Amino acid sequence: MNAFETLKAAFLTRLETVKTDQELAQLKADYLGKKGEVTGLMQAMKDLPAAEKPAYGQKVNALKAELTAALNAHKAAIETARMNEKLAQETLDVTLPGRTFPVGSPHILSKIVESIEDLFVGLGYQIKEGPEVESDEYNFEKLNLPKDHPARDMQDSFYIDPSTLLRTHTSPVQVRTMLDYGGQKPVKIICPGKVYRRDDDDATHSHQFMQIEGLVVDESTTMADLKGTLLKLAQTMFGKDRTIRLRPSYFPFTEPSVEVDVSCYNCEGAGCSICKHTGYIEILGAGMVHDNVLKMSGYDPAKYQGFAFGIGVERIAMLKYGIEDIRHFYTNDMRFMRMFNQ
Ligand code: PHE
């Protein structure tokens, strides 16, 4: 019987050290396998006297059952330990704050351009774009500004060669469109884009800025249409209670020409520092398309009339948001940019 206890003790000692499935299988083979220790005990039974055999057999079977149970329990323990280790490695703390990625947004000037585009597309206008490097002919001559015309001084230019320049306004896109239409069909377009002038940069001037010009040419276009359109524009940009005021002005490409003022959104006309106590703020230039401009682009002024207007996008943004320095739009200070991130 002592042999049984010794064998069991040796088995249990080894079992303690078993860490892997392989070690476990080896231990099982060594004790319970065909040539295992317990099987050896069983074989020894044949040499015993008949009277002792049943009791001996029971003992061996009991030992076998005990060792098998111990093996199984250890196997389960290994598996549990392995699972716990895996779970610990894969722990997911759902209470940790998520990682946030910085999200960009359109530039404030793009947003203003888009809102103006939305308005005019809703009114049936098409959006047209053109080159920023433009010919003198389209930028000036076909807009009734022949060489040496004094009004060229109003738009100091960057020339690339004597007949090519960086466009000073987006009006050449209007010329291009009218020529494209061959003087035959009505025009209803807006032209957004960058323009360039030889100004010294300061708080209110930039050598590059953005404009949106509009042009409508049809057989019955009147100044009343222009005024209604600009009122709608002013109300969209500055609030539905705004009114506008037209003052006579001069542009070579329009006759008559007007400066357009919007009633002050800050003081409702009572007078404040934003409107310099006049109740009105100048927002754009406009007028009825000059006969010469229509003619040079192939339209018969006896049949067609048109109106045009030009908005400075930066100026609108500065007025709308009380921005004091135009350079903020271009220096990309994130603190400035984020103010418009909604
Ligand atoms: N092109 C003019 C400018 O840049 C603006 C304008 C457009 C004025 C259309 C009248 C009509 O100064």
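Which side chains meet in a salt bridge at 3.2 Å, N to O? I looked this up and found Arg82 and Asp21. I note at the outset that this is a predicted model.

**Entry 1: salt bridges**

I placed the two partners next. Arg82 lies in helix 4 and Asp21 in helix 2 (residues 21-32), so the pair ties together parts that are 61 residues apart in sequence. I then checked how covered each one is. Arg82 is partly exposed, at 41% relative accessibility. Asp21 is partly exposed too, with a relative accessible area of 40%.

I ran a search over the whole structure. It found 15 salt bridges.

I picked out another one, between Glu66 and Lys8. Their side chains meet at 2.5 Å, N to O. Glu66 lies in helix 4 (residues 53-89) and Lys8 in helix 1 (residues 2-17), so this pair ties together parts 58 residues apart in sequence. Glu66 has 39% relative accessibility and counts as partly exposed. Lys8 has 22%, and it also counts as partly exposed. I checked the cut-off here: buried means under 20%, so Lys8 does not qualify.

I looked at a third pair, Arg245 and Asp261. The side chains meet in a salt bridge of 3.0 Å, N to O. Arg245 lies in strand 7 (residues 244-251) and Asp261 in strand 8, so the link ties together parts that are 16 residues apart in sequence. Is Asp261 buried or exposed? Asp261 is buried, with a relative accessible area of 2%. Its partner Arg245 is partly exposed, at 31% relative accessibility.

I also found a network. Salt bridges with shared partners join Asp136, Glu141, Lys147 and Arg152.

**Entry 2: a charged patch**

I turned to the surface. Which residues form a negative surface patch? I listed Asp153, Asp156, Asp199, Asp200, Asp201 and Asp202. I followed up on Asp153. It sits in the loop between helix 6 (136-139) and strand 3 (159-161). Asp153 counts as exposed, at 65% relative accessibility.

**Entry 3: backbone angles**

I wrote down the background before searching. Most residues other than glycine have a negative phi, and most peptide bonds are trans. I then looked for exceptions.

Asp148 is one of them. Its phi is positive, about 70°, although it is not a glycine. Asp148 lies in the loop between helix 6 and strand 3. At 77% relative accessibility, Asp148 counts as exposed.

Glu268 came up as well. Its phi is near 55°, a positive value in a residue other than glycine. I found Glu268 in the loop between strand 8 and strand 9 (280-289). Glu268 counts as exposed, with 57% relative accessibility.

Where is there a cis peptide bond with omega near -5°? I found it from Glu255 to Pro256. Pro256 lies in strand 8 (residues 254-263).

**Entry 4: the core**

I moved inside. The largest nonpolar core has 44 residues. I noted those with the most contacts inside it: Leu230, Leu233, Ile283, Leu284, Phe309 and Phe329. I then asked which elements feed this core. At least two residues each come from helix 5 (108-122), strand 6 (208-218), helix 8 (223-238), strand 8, strand 9, strand 10 (305-312) and helix 10 (313-321). Helix 5 gives the largest share, seven residues.

I stayed with helix 5 for one more residue. Glu117 lies in this helix. At 17% relative accessibility, Glu117 counts as buried. I also checked its distance to Pro192. The two are 75 residues apart in sequence, yet 8.4 Å apart in space, C-alpha to C-alpha.

**Entry 5: helix 7**

How many of the eleven residues of helix 7 are buried? I found eight, so I describe helix 7 (residues 171-181) as mostly covered. The buried ones are Ser171, Pro172, Val173, Gln174, Val175, Thr177, Met178 and Tyr181. I looked just past the end of the helix too. There, Gly182 takes a positive phi of about 65°.

Note on methods:
Residues are numbered from 1 along each chain as its sequence is written. This is a predicted model: local features need pLDDT of at least 70, side-chain atom pairs count only at pLDDT 80 or more; totals for chains, interfaces and linings use all residues. Side-chain values use heavy atoms; hydrogens and water are left out. Patches are made of residues with over 30% relative accessible area and no salt bridge: like charges are joined within 9 Å, nonpolar side chains (Val, Leu, Ile, Met, Phe, Trp, Tyr) within 5 Å. Accessible areas come from the Shrake-Rupley method with a 1.4 Å probe; for residues, only the protein chains shown count as cover. A salt bridge is a side-chain nitrogen of Lys or Arg within 4 Å of a carboxyl oxygen of Asp or Glu. Lys and Arg count as positive and Asp and Glu as negative; His and the chain ends are not counted. The place of a charge is taken as NZ of Lys, CZ of Arg, CG of Asp or CD of Glu. Helices (H or I, at least four residues) and strands (E, at least two) are DSSP runs, numbered from the N terminus. Buried means under 20% relative accessible area, exposed over 50%, partly exposed in between (1.4 Å probe, protein chains only). A nonpolar core is a set of buried Ala, Val, Leu, Ile, Met, Phe, Trp, Tyr and Cys residues joined through side-chain atoms within 4.5 Å.
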